[in-house]
Amino acid sequence: MSTEARIELRNLRLEDYLDLKEAMSEAYSGIGGVHWSEEAIRRLLEIFPEGQLCVLVDGKVVASALAIIVDYKQFGDRHTYQQITGDYTFSTHDPDGDVLYGIEVFVHSQYRGLRIGRRLYDARKELCENLNLRAIIAGGRIPHYDEFADVMTPRQYIDKVRLKEIYDSTLTFQLSNDFHVRKILKNYLPGDTQSREYATLLEWNNIYYEEKPQLINKPKPVVRIGVVQWQMRLFEHFEALAVQMEYFIDAVSDYQSDFILFPELFNAPLMAEFNHLGEAKAIRELARHTEPLRATCAELAVSYNVNIIAGSMPLVEEGKLYNISYLCRRDGTWDQYRKIHPTPSEVDSWGITGGDTIQVFETDAGKVGILICYDVEFPELARFYGEQGMQILFVPFLTDTQNGYNRVRRCAQARAIENECYVAIAGCVGNLPKVNNMDIQYAQSAIFTPSDFAFPTNSIKAEATPNTEMTIIADVDLELLKELHEFGSVRTLKDRRLDLYELRFNGRHGRPQAH
């Protein structure tokens, strides 16, 4: 046919019936040229006109996709075509249902080189999203199975089609359009000899589906992150440090930020008064300020309406010293994370003990995880978070050299790609000549993204000027993470070979409740 053909996608009309009948009869010539009656099409157009789609080539209907909405729990996975269509009357259509059920898709064989089927599938997905339906489900024929039925089971056939060892004109196309096989159905469509009356129960999940529309406190698709690159300076007392911290919280909250991230051990200047005690004793004295600092952060989170990741600070508990970070939510609750991997220097100079608990934290702006500095250099921890649905990873860090900084930076960027999430890192800059083990700092704070078409080409959303006190503020789109997970160029979470390897955590998973 001509390469200059005019193609139009629109909703089906009753006056299209004769063209529809001709195209359907030709498409199903292998099983007797079956077609819907004009009365059946009329009924579909009466109850659900939006769900009936067609493609015209040069003004003639050559393909169509027909659908109804069903309350899927009334049928479950064990149903036949006759049952799901209400004995072909479409009485099962329920405008308040949760699933768009595809009852028909066909393309006239003479027009199968124009990717018309893909247009119909994309339009169906758009309809499903716009109607806020949970999924598209359909029973799919496997028309080439008859050629292999004597040597393999339907499941073996489907596996070989999935692995592209066998081409099936219907199933291959459906899998390439992001549908997955939910179940194998027997006796689904009586008379389908090409499929030996087997069918695949196919599903496409709507990642934008919301069970109940929320009028207030609706999850935010776009989240604003503020990162503080903190200048180390001496403070005369705790209150002076709190004033400086509040200054940054005030500044970032003025931009309606959802999160603000402080660096690791940003309160270290308060160790100056204990410098005469030696490193190990000085940091334990610094831990006396930890509870007042946590309480201050919790109060500021509420008063400035911003979730605060309070960098990290030392905590003494039952004689052991930990490096701890607090998440202070703007609803007044708070949670904690203890650094799991203290560096050799932290162990040797301070005697810090590693924590043993990981958890993803729920917030009003997404699921977040926290890893403190050296922790981000261990990919297993972030992968645990990724498996729990983490969307943003916060990494407060403290490095003294560019080598140390680059280890944190490169690993943070890798974690963003591996786990299909955003990663924000915040570090300290400047010098502390009167505090042992904290003499110099180097940092370039940043917000990293995954690497795909929807994100910056360098996978950097924002970054600070090296070794300069400042803030960076950037918006991150959580919906893009959903699309990446389902439709990305590569899918690092979904494509793992769990048949060959798995990740197991031997520590403690975090508490389900917040303070």
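Is arginine 10 buried or exposed? In this predicted model, arginine 10 is buried, because its relative accessible area is 13% and buried means under 20%. That residue makes a handy way into the sheet, so to speak, and then on to the salt bridges.

**The sheet**

Let's start with the overall layout. The model has an open sheet of 7 strands, ordered E1-E2-E3-E4-E5-E7-E6, with mixed pairing. At the edges sit strand E1 (7-11) and strand E6 (180-186), each of which pairs on one side only. On average, neighbouring strands here are turned by 25° against each other, with direction ignored.

Now walk inward from E1. E1 and E2 run antiparallel and are joined by 5 bridges. Arginine 10 has cysteine 54 in E2 as its bridge partner. Cysteine 54 also stands opposite serine 64 in E3, and E2 pairs with E3 in the antiparallel sense, again through 5 bridges. The hairpin of E2 and E3 has 2 residues between the strands, and aspartate 58 takes a positive phi near 50° in that hairpin.

One step further, strand E3 (residues 60-70) meets strand E4 (residues 99-107) in an antiparallel pairing over 8 bridges. There, alanine 67 has glycine 102 in E4 as its bridge partner.

**What surrounds E2**

Why call E2 largely enclosed by the rest of the structure? Because 5 of its 5 residues are buried. Both faces of E2 are covered: Leu53, Val55 and Val57 are buried on one side, and Cys54 and Leu56 are buried on the other.

Two helices lie across strands of the sheet. Helix H4 (residues 116-130) lies across E1, strand E2 (53-57), E3, E4, strand E5 (135-140) and strand E7 (198-205), and runs at about 165° to E4. Helix H1 (residues 17-27) lies across E3 and E4, at about 85° to E3.

**Salt bridges**

The count of salt bridges comes to 33. Here are three of them, with the distance between N and O:

| Pair | N to O distance |
|---|---|
| Glutamate 8 and arginine 10 | 3.9 Å |
| Glutamate 39 and arginine 42 | 3.5 Å |
| Arginine 182 and aspartate 77 | 2.8 Å |

Take the pair with our opening residue. Arginine 10 is buried at 13% relative accessible area, whereas glutamate 8 is partly exposed at 27%.

Next comes a pair within a helix. Glutamate 39 and arginine 42 both lie in helix H2 (residues 38-47), 3 residues apart, which is about one turn of the helix. Glutamate 39 counts as exposed, with 51% relative accessibility, because exposed means over 50%. Arginine 42 counts as partly exposed at 32%.

What does the pair of arginine 182 and aspartate 77 tie together? Arginine 182 lies in strand E6, while aspartate 77 lies in the loop between E3 and helix H3 (81-84), so this salt bridge ties together parts that are 105 residues apart in sequence. Arginine 182 is partly exposed, with a relative accessible area of 33%, and aspartate 77 counts as partly exposed too, at 23% relative accessibility.

Which residues are linked with Asp77 and Arg182 in a network of salt bridges? They are Asp98, Arg134 and Glu203.

Notes. Residues numbered from 1 in each chain as written. Predicted model: local features only at pLDDT ≥ 70, side-chain atom pairs only at ≥ 80, totals over all residues. Heavy atoms only, no water. Pairing = 2+ DSSP bridges. Helix = DSSP H or I, 4+ residues; strand = E, 2+ residues; numbered from the N terminus. Axes fitted to C-alpha atoms, helices over the stretch in contact; angles between N-to-C directions. Contact = heavy atoms within 4.5 Å. Buried < 20%, exposed > 50% of the residue type's maximum accessible area, 1.4 Å probe, protein only. Salt bridge = Lys/Arg side-chain N within 4 Å of Asp/Glu carboxyl O.
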